[in-house]
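Biologist: Please show me the model, and then let us examine what the terms applied to it rest on.

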Amino acid sequence: MDRRVKTCFLLLAFSLFPLRAEIIDRILAVVGDQIVTWSDVVAEANYQALLNGQQPPDSAELERKEVLRPILSRLMDQTLLAQAQKAFLFTPSENETARLEEVRKRFPNEQAYHRALAQYALTEAALVSHLERETNLMAFVDYRLRPQVQLTPEEIDQYYRETLVPELRRQGQRDVPPLSEVRDHIEQILTQEKINSLLEEWLQDLRRRTPVKIFE
Amino acid sequence: MWLALLAAAPLSPLTAQWEGMPIVAIYHRSADPQQPPMDSPSFQRLLVQMPGEPFSQDKIRESIQHLFATGRFADIQVDAQQENSGVILTFLTESRYFIGSVLVRGVPPPPTENQLHSATQLQLGHLFVPEDIQSAMDGLRRVLEDEGYFQTQIVPAYQRHPETQQVDITFDVQVGERARLGQVIVTGTPAFSAERLAQQAEWEQGKKTTSSLVQDGLTRIREFYREADFLGARIRIVRKVFHPETNRTDLELDIDAGKRVTIAVSGAPISRSKIEQLVPIYEEGTLDEDLIEEGERNLQSYFESEGYFDAKVNSVRETSGTEDIAIDYQVELGLRQSLREIQILGNHYFRTETLQERMRIEPARWRLPYGRFSTGMLEQDLAAVRMLYQANGFPEMEIVAALEREHSDSKTELMVTLQVQEGPQVRIGEFSITGNESFPAERLEGLINAASGQPYSEPVVASDRDALLNFYFNAGFPGARFQWKATPSEDSRRMNLQYVIEEGSREYVKNIFVDGLLHTRRGIVNRQLQFRDGDPLSQSVLLDTQRRLYDLGLFSQVEMAIQNSQGRENNRNVLIYLEEAPRYTLRVGLGADFGRFGGSSGDSTQVEGKIEVSPNISLDFTQINVGGRPHTLGFRSRISSLQKRAALTYSAPRFLNYPWLNASARTVFDETRDVRTFTSRRVEESLQFESKRSRITTLWTRYAFRRITVDTGSLRISPDQIPIVSRPVLVGMLSQSWIRDTRDIPTDAQQGMFTTADAGIASQFLGSQTNFVRLVLQNSSYHRFAGRLLLARSSQFGMQTPFGKSRRVEIPGQKAEIFTREIPIAEHFFAGGGNSHRGFAVNQAGPRDPVTGFAVGGNALLLNSLELRFPLWGQNLSGVLFHDAGNLFARLRDLSFRPRQKEVGDLRYISQAVGFGLRYQTPVGPVRFDLGYNLNPPQFRVQTEEGLSITQTLSRWQVLFSIGQSF
């Protein structure tokens, strides 16, 4: 067929079936004066999948509410804590380098590491940014909440008797270490549990006091 | 909404494939088709992803964040479309709206419109959140229930304006019937019955339950408990119970009367009212140790100020068997002393007078027989002097006070010596300002006190900080920050100082949105705006604009706000919401004039008239905002036995858009007999221009054309003069008045000067039948001395003289004609009364008719008044001693300074009067009562009806009432 006629047919085809505009990013939630976008959710999902050694999620999977909501909720909590951190003038120490090294060590070599980053649509700068944010927030939460944790000897004793010893026995361990040997370990566990509980209360309070809107 | 439809569509999985592809174009679309997209430069400034660059998901995300941070958008989506080998991006936005006008309709006062508006908590320019409407309605309901409306229905309505992103909100309210008071229920331990308390509060069943009824009642109850010595009573309204079936509201109060507290002061005489003033338990309505101790201190200070400088006060608290409490302040006065002298030694940098100005202690003088001293006052004075030195670079300054007493038989005198050790003065060494990118350092240095070589102190830095931040704030830098660093230099007396400024971003005016105009022309408002689109955003300029808009007199409310103040953008919309004042005003007034107006007008033995009260009624109608301009049309009328007057005035301030030029035109009909000699009728048209180039100087130019007729039957002059004087005269006069006014308060001046010069010419070329020139000069000045004493003086000189051709006067009933250059009697000067010479009744000074003895006024005037004004009692009542001297003269050449008449009938002398007056301050000015005594009243001859010639002397005593100071 004459090239010119072919071109006309192609143009006619394109005019009958125009190329569709695709939404590539949008606001999913507003937390105070900050926003959480779809691309934030995708980046967070890829980052978590990288850390957990899972396959990177695809868009269709992320669109499902049961998958989207937990990631969005986590990002909103991070935003609330970041806003609280600003008001508190907390200056964290810089530990993200150590965490980056931990991530690198999971891969046999540099090429594998960079292939993995590409697979999860992450740049190293973005990975470092995520690690930095997480580290800062964890340090801030610890700074704010750890002083509020007070453990009594009764609580430690109770955990030893009612949780640790039965668990060890269930695992078939005959020689249960005495309380004095595991006290520090129990304190760490209980402290972390209490911090988690306090964090949950704190986040609920922040959500109540901060204007939050989710775009369905 | 189509954005919502798009939101449901799946997001593109293609973004990873587009990474790196060139961006062909970037567009902005609004969800509302009526709303135009952002202008391209503003839009581009907010983007991180730019056309021509490679596609970057991260940059697109950042661009969304920047757009959202402006605060203008509620939702943002980005769509992408491949075009050839590139990508077209479109940012789809849903706009936010901001609060515009808020109207509440259907509610009669009370409450007021302002109260309703405040109750909604919807502020102009703030973000409109639909969820806030419910809170607004709850607020309205609370205010309406406070005013007795319990069955309200509120319907909100919105009108959005996409072009301005503003939403106007209207609440239509159906209030129903206002509830009436039902029962008063009292719980707790009130110590009195509910009936007694309701009676005290004037809460009668059936009264409308308004907030003022409830609050006034609570105040009365609190006062009742206080007077019954329950000083710590706690009273609160628990709730109001509304009964819809009867439309009644029951009030439930919870009262804890507490203990009865009696307070006494022993050992020194002191009035009950003074105790209540000094012991804070009364005002605070509670009893605790801090308040008791504060009462001790206050009482001690009081007795110290009365001359008992060593007074001691000790409180003793006793509880009686019934648990009532008695507090006895036991006073030991000690010797009464007087502060003879205050000596200040060791001061070199400041003069002694400068330090004394900051001190409250004062040595004894005639006004303060014991002086003013207390240990508390002395401590405060030492602190004030210390602060003065430290603020001027003397950080190590010390000051100590030594007291010496000298006892004699009759008195004890105290001398206070203040020894000052100034110490070294620290000055600024090197000084610099950094961070100022928008303004040169020289400009900023002109605003501050700090400079190399100047005294250094932290108060100076604090003052400079305020000055610089204020300057930056008003130059469009709301986020400017100031820091300072002071480092000692090698010279221990020098401190190097550096000011560091972080300017932040500058904000500008983007658009100006004006709303609320119904009748007013937009151009009138525009001319008052002190800023334009593109100007830096300045708070002081906004305030100045607001003041100018109020000064127009057209608006009862001028509200200005920045739209989207929480958003982060550099170009701001300024919102101006104007509420026009009611255009029409009708006033009806009743009043009375008091003076010597009465008595038979034909009785030559009562030329001054008898004292009479003349009631009057006035009716005024005013329309402002005439033709949408700040012009006023006014009709004023007044009717009394002395005067019938009607005037129609049209005022045009800011004439021809010159802010300093005001024009007015007036038509007056006036018939008055405030001069007992005649009743005149005047019809006048005038045109006046007022030019006010500065705050203190005003120039008036006026052309007046009037026709004056004197009622023949009312004339009390020589019969041969009647035919001449009774003819109507046309007077066309051009005059100018120059006024210079530096008084602090024109209605009750305490300082300053007031000078006027008025010159006028009546001429046939101006349409006048009589030709004369007139000049009047006046100067008043006010001088404070010795605290609250005020010496006020006023001098006045006036003269008028005919010129040119005589005017022809036809005598009715005769063929004769008379030519005269006499100035018509109604144009004469008249003097006497409360506002000129208080030795005479109103308009009774000066020349008199040789036959009838009635005052005929004059063509020359000379007056001088002196007043000594002093406080009498409290802040409102003051007294005056005055001396008025002067007179009217028939002609300028008759003006004389003779202190007495040469002979009976010779009125060319200076009449003098002395007197006493009272002034009582009211919101409209001081109400004035004067009693004048004429030292040398005029003697003159009159002819009786029988043809006899008798000598009359005007009254020596004059009683005068008025409002405002005499000058």
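Modeller: What covers the buried residues of α9(A) includes α4 (65-88), α7 (124-145) and α8 (153-170) of chain A. This is a predicted model, in which local features need pLDDT of at least 70, side-chain atom pairs count only at pLDDT 80 or more, and totals for chains, interfaces and linings use all residues. Residues are numbered from 1 along each chain as its sequence is written, chains are lettered from A and ligands numbered from 1 in the order in which they are written, and side-chain values use heavy atoms, with hydrogens and water left out.

Biologist: Which residues of α9(A) are called buried?

Modeller: Buried means under 20% relative accessible area (exposed over 50%, partly exposed in between; 1.4 Å probe, protein chains only). Among those in α9(A) that meet this are L179(A), I186(A), W202(A) and L206(A).

Biologist: What makes the reach of α9(A) close to the expected one?

Modeller: The expected span is 1.5 Å times one less than the number of residues. With 31 residues, α9(A) reaches 43 Å from its first C-alpha to its last, close to the expected 45 Å.

Biologist: Where does α9(A) bend?

Modeller: The bend is about 35° at H185(A), that is, the angle between axes fitted to the seven residues ending there and the seven starting there.

Biologist: How do α4(A) and α7(A) pack?

Modeller: Their axes are 10 Å apart, at an angle of about 60°. The contact (heavy atoms within 4.5 Å) involves residues including L81(A) and F88(A) of α4(A) and F140(A) of α7(A).

Terms used
Helix = DSSP H or I, 4+ residues; strand = E, 2+ residues; numbered from the N terminus. Axes fitted to C-alpha atoms, helices over the stretch in contact; angles between N-to-C directions.
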